[in-house]
Amino acid sequence: QVQLVESGGGLVQAGGSLGLSCAASGSIFTINTMGWYRQAPGKQRELVATISSGGSTNYAVSVKGRFTISRNGAKNTVYLQMNSLKPEDTAVYYCNARGSNARGAIYSSWGQGTQVTVSS
């Protein structure tokens with residue numbers, strides 16, 4: 001089992017920057033991919049960015065070039081640097097970790113979410 005704790009977020013003006021962090025604990029050696037998703041009011045949760053254990057990254061088209069996802073050497077913390085923020089980036093941002101346990105079952109763990117609000 002993997003637990004995720006997010007930090008960062010808050011209120012920023014359009015064009016500003018914010019950083020998010022997500023620390024994993026528990027069976028971190030089973031984690032393969034970590035990432036960030038977001039959910040705006042009245043909308044479905046959507047992918048923001050992911051990073052694999054090998055360092056491969058994937059970004060939503062809407063954030064490519066503005067957001068950067070990274071992972072620390074121990075691979076139990078993932079970061080999201082958000083630059084040139086827009087009001088449409090306003091959402092609750094969720095950290096996600098995916099992997100497989102000792103029995104080979106695939107799991108997906110979520111953090112509690114952190115609010116990002118971008119004012120125009």
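1. A polar contact is a pair of N or O atoms within 3.5 Å; within protein, one atom must be able to donate a hydrogen and the other to accept it. Under that reading, the side chain of Asn 101 meets the backbone nitrogen of Arg 103 at 2.9 Å. The model discussed here is predicted.

2. Overall make-up. The protein chain contains 11 strands and 0 helices. Read from the N terminus, its elements therefore run β-β-β-β-β-β-β-β-β-β-β. The radius of gyration is 14 Å, close to the 14 Å that the globule rule gives for 120 residues, so the protein chain is as compact as a globular protein of that length. The C-alpha trace spans about 50 × 25 × 25 Å along its principal axes.

3. Burial and contacts across the chain. Of the 120 residues in the protein chain, 42% are buried. Among contacts with a separation of 6 or more, 54% come from residues 24 or more positions apart.

4. Surface and charge. About 6200 Å² of the protein chain is exposed, and carbon and sulfur atoms supply 50% of that area. The chain carries 10 positive and 4 negative charges, and the mean positions of the two sets lie 10 Å apart.

5. Cys 22. This residue sits in strand E3, which covers residues 18-26. Cys 22 has a relative accessible area of 0% and is therefore buried. Beyond its neighbours within four places in sequence, Cys 22 is in contact with Leu 4, Val 5, Glu 6, Met 34, Trp 36, Asn 76, Thr 77, Val 78 and Cys 95. Ile 106 lies 84 residues from Cys 22 along the chain, and the C-alpha atoms of the two are separated by 20 Å.

6. Thr 30. The loop between E3 and strand E4 (31-39) holds Thr 30. Its relative accessible area is 13%, so Thr 30 counts as buried, the cut-off being under 20%. The side chain of Thr 30 makes a polar contact of 2.6 Å with the side chain of Tyr 107. Not counting residues up to four places away in sequence, Thr 30 touches Val 2, Arg 98, Gly 99, Ser 100, Asn 101 and Tyr 107.

7. Asn 101. This residue belongs to the loop between strand E9 (91-100) and strand E10 (106-110). With a relative accessible area of 27%, Asn 101 is partly exposed. Outside the residues up to four places away in sequence, Asn 101 touches Thr 30 and Tyr 107. Thr 30 and Tyr 107 also touch one another. Gln 13 is 88 residues from Asn 101 along the chain, with 41 Å between their C-alpha atoms.

8. Asn 96. Strand E9 contains Asn 96, and at 2% relative accessibility Asn 96 is buried. Its side chain makes two polar contacts with other side chains: one with Arg 98 at 3.2 Å and one with Ser 108 at 2.8 Å. Leaving out residues up to four places away in sequence, Asn 96 touches Leu 4, Thr 33, Met 34, Gly 35, Tyr 37, Ser 108, Ser 109 and Trp 110.

9. Shared partners. Leu 4 and Met 34 appear among the contacts of Cys 22, and both are touched by Asn 96 as well. Arg 98 is touched by Thr 30 and is joined to Asn 96 by a polar contact between side chains.

Terms used. Residues numbered from 1 in each chain as written. Predicted model: local features only at pLDDT ≥ 70, side-chain atom pairs only at ≥ 80, totals over all residues. Heavy atoms only, no water. Helix = DSSP H or I, 4+ residues; strand = E, 2+ residues; numbered from the N terminus. Rg over C-alpha atoms; globule rule 2.2 N^0.38 Å. Buried < 20%, exposed > 50% of the residue type's maximum accessible area, 1.4 Å probe, protein only. Contact = heavy atoms within 4.5 Å. Areas by Shrake-Rupley, 256 points an atom, 1.4 Å probe, with all protein chains shown as cover. Lys, Arg positive; Asp, Glu negative; His and termini not counted. Charge placed at Lys NZ, Arg CZ, Asp CG, Glu CD.
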